[in-house]
Amino acid sequence: MSEELKGRSVAVIGGGLGGLSASLCLRSFGADVTVYEQAAVLREVGAGIQLTPNAVRALNALGLAEGLDTVSVRSRALVPVDARSGQALARFRLDLVSEDAPYRFVHRGAFLALLADAARTRGVEIRTGEAMRADDPALAQYDLVVGAEGLHSISRGLLNGADRPFFTGQVAWRAVIPAAAAPEARVWMAPGKHVVSYPLSSDTLNIVAIQERDEWAAEGWHHADHPAHLRAAFADCGAELHGLLAQVEEVALWGLFRHPVAARWQDGARLALIGDAAHPTLPFLAQGANLAIEDGYVLARCLAGAETQDKALASYEAQRKPRVSRAIAEANANAKRYHMGPVMGLGRAVALGLIGKLAPERFLRRYDWLYGFDPTA
């Protein structure tokens with residue numbers, strides 16, 4: 001632990017993945033950190049996430065590499081699949097993307113526990129059952145307040161006013177099934193829909209299914225749905241995908257809404273936003289948690305390197321906003337790529353097949369700007 005922020009007191013509002021990782025980042029530079037979580041116990045809604053090299057570098061710098069090896073699966077490949085025929089179109093080696101920070105799959109709950117244990121061990125105070133607002137007088141004692149409340153952040157509203165999200169015409173299901181699978185992510189693509197599957201352990205598979213439809217669904221991951229609805233949405237797909245979806249016994253459904261990137265991420269004095277509080281993103285690039293982890297480390301690094309806190313906060317926003325905006329735009333574009341109709345889908349299949357055979361490294365190289373980023377540098 002360095003001492004650049006020794007004596008600086010920080011309150012983090014929100015004990016999710018973003019808030020806890022930020023608390024570790026700030027503590028690693030010597031800050032005194034208290035995390036406030038409104039829930040009685042720390043918990044993560046949802047199932048699996050993909051940790052990509054850009055965020056893993058920050059986690060490695062925090063000394064979590066060994067813990068990640070214990071709770072996560074190292075990914076070997078990304079496999080695009082024609083959902084109707086079940087044919088794998090290509091295989092792209094994720095294990096070659098980064099040697100220093102391997103691509104990983106992990107259960108949200110296990111990852112949250114790893115972060116919480118590390119934070120407590122290193123002196124972060126985690127206070128559960130305490131709902132706080134950034135303008136709460138009880139937080140006036142802190143030098144800095146970090147809003148990490150997620151999608152419905154009050155801190156964001158204090159800086160930017162009311163948010164105006166809109167329904168994208170897409171819904172998502174999330175489930176976990178008992179299944180042995182290779183350590184790879186599969187993207188099962190069909191017109192107007194797709195499924196992403198990847199292992200969370202040697203015998204557990206994470207499933208996220210997306211469908212375009214006009215019928216509105218509520219935002220948030222905690223709305224239960226009947227598995228039959230999920231299976232019906234993909235009834236025209238192949239036997240292998242049917243077999244996976246047939247094992248789903250419990251499933252959550254939520255609507256995908258697009259939120260603008262916050263115009264203001266900080267107040268120039270003592271409040272800063274990270275993660276979904278600043279930049280909610282659609283789940284088509286697997287970057288929601290990864291960008292939040294980046295935010296926490298860059299914020300801590302800016303605070304440690306600037307002469308004054310107002311300059312640090314301005315630098316943090318200036319560094320983060322262009323990168324995050326690019327990632328969100330790429331996620332939005334992926335939604336269209338995955339859901340191409342029959343004619344365009346055939347062209348996509350041919351193109352992926354050729355790239356996979358002739359130059360597989362080119363497919364992932366187009367994401368060097370994303371995966372090659374080092375928030376600790």
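# Briefing on the predicted model

The largest nonpolar core holds 99 residues, and among these Leu-26, Leu-51 and Phe-111 touch the most other members. The structure is a predicted model. Five strands make up one open sheet with parallel pairing, and eight strands make up an open sheet with mixed pairing. A search of the whole structure also finds eight aromatic pairs.

**Nonpolar cores**

- Phe-111 is in contact with Leu-17, Ile-49, Leu-51, Leu-59, Leu-68, Val-106 and Ile-293, leaving aside residues up to four places away in sequence.
- A second core, separate from the largest one, has 27 residues, including Ala-175, Ala-179, Ala-209 and Leu-245.
- In soluble globular proteins, nonpolar side chains tend to be buried together.

**The five-strand sheet**

- The order of the strands is E8-E2-E1-E9-E16, and the sheet is open.
- Strand E8 (125-128) and strand E16 (271-273) are at the edges with a single partner strand each, so one side of each has no neighbour in the sheet.
- From one strand to the next, the twist averages 20°.
- Strand E2 (residues 32-37) runs parallel to E8, and four bridges join the two.
- Glu-37 stands opposite Thr-128 in E8.
- Helix H1 (residues 17-28) lies across strand E1 (9-13), E2, E8 and strand E9 (144-147), and its direction is at about 170° to E2.

**The eight-strand sheet**

- This open sheet has the strand order E6-E5-E11-E12-E13-E10-E15-E14.
- E6 and strand E14 (224-225) are the edge strands, and each pairs on one side only.
- Strand E5 (residues 77-82) and strand E6 (residues 92-93) run antiparallel and are joined by two bridges; the bridge partner of Leu-78 in E6 is Phe-92.
- E5 is joined to strand E11 (residues 184-190) by six bridges, and these strands run parallel. Pro-80 stands opposite Val-187 in E11.
- Five bridges connect E11 with strand E12 (residues 193-201) in an antiparallel arrangement. Here Val-187 stands opposite Val-196 in E12.
- Helix H9 (residues 309-338) packs on the sheet, where it touches E10, E11, E12 and E15. The direction of H9 makes about 60° with that of E11.

**Aromatic rings and charges**

- A pair of aromatic rings is described by the distance of the centres and the angle of the planes.
- The ring centres of Phe-167 and Phe-257 are 5.4 Å apart and their planes are at 45°, so this pair is tilted.
- Phe-167 belongs to strand E10 (residues 166-178) and Phe-257 to strand E15 (residues 251-258); the pair links distant parts of the chain, 90 residues apart.
- Phe-257 is buried, its relative accessible area being 14%.
- One aromatic cluster is formed by Tyr-103, Phe-105, Tyr-198, Tyr-367 and Tyr-371.
- The charged end of Arg-326 sits over the ring of Trp-369, at 4.0 Å from its centre.
- Lys-193 lies over the face of Phe-234, 5.5 Å from the ring centre.

**Tyr-297 and its surroundings**

- Tyr-297 is part of helix H8 (residues 288-305).
- With a relative accessible area of 9%, Tyr-297 is buried.
- Leaving aside residues up to four places away in sequence, Tyr-297 touches Cys-25, Phe-29, Ala-58, Ala-61, Leu-62, Pro-375 and Thr-376.
- Tyr-297 and Ala-377 are 80 residues apart along the chain, and their C-alpha atoms are separated by 10.0 Å.

**Helix H2 and positive phi angles**

- Helix H2 (residues 53-61) is mostly covered, with seven of its nine residues buried.
- The buried residues of H2 are Pro-53, Asn-54, Ala-55, Val-56, Arg-57, Ala-58 and Leu-59.
- After H2 comes Gly-63, which has a positive phi near 80°.
- Ala-286 has a positive phi of about 55°, although it is not a glycine.
- Ala-286 is in the loop between E16 and H8.
- The relative accessible area of Ala-286 is 24%, which means that this residue is partly exposed.

Terms used. Residues are numbered from 1 along each chain as its sequence is written. This is a predicted model: local features need pLDDT of at least 70, side-chain atom pairs count only at pLDDT 80 or more; totals for chains, interfaces and linings use all residues. Side-chain values use heavy atoms; hydrogens and water are left out. Rings of Phe, Tyr and Trp (its six-membered ring) pair if their centres lie within 6.5 Å; planes under 30 degrees apart count as stacked, over 60 as edge-to-face and the rest as tilted. Buried means under 20% relative accessible area, exposed over 50%, partly exposed in between (1.4 Å probe, protein chains only). A charge sits over a ring if NZ of Lys or CZ of Arg is within 6 Å of the ring centre and within 35 degrees of the ring normal. Two strands pair if DSSP finds at least two bridges between them. Axes are lines fitted to C-alpha atoms, for helices over the stretch in contact, and angles run from 0 to 180 degrees between N-to-C directions. Contact means heavy atoms within 4.5 Å. A nonpolar core is a set of buried Ala, Val, Leu, Ile, Met, Phe, Trp, Tyr and Cys residues joined through side-chain atoms within 4.5 Å.
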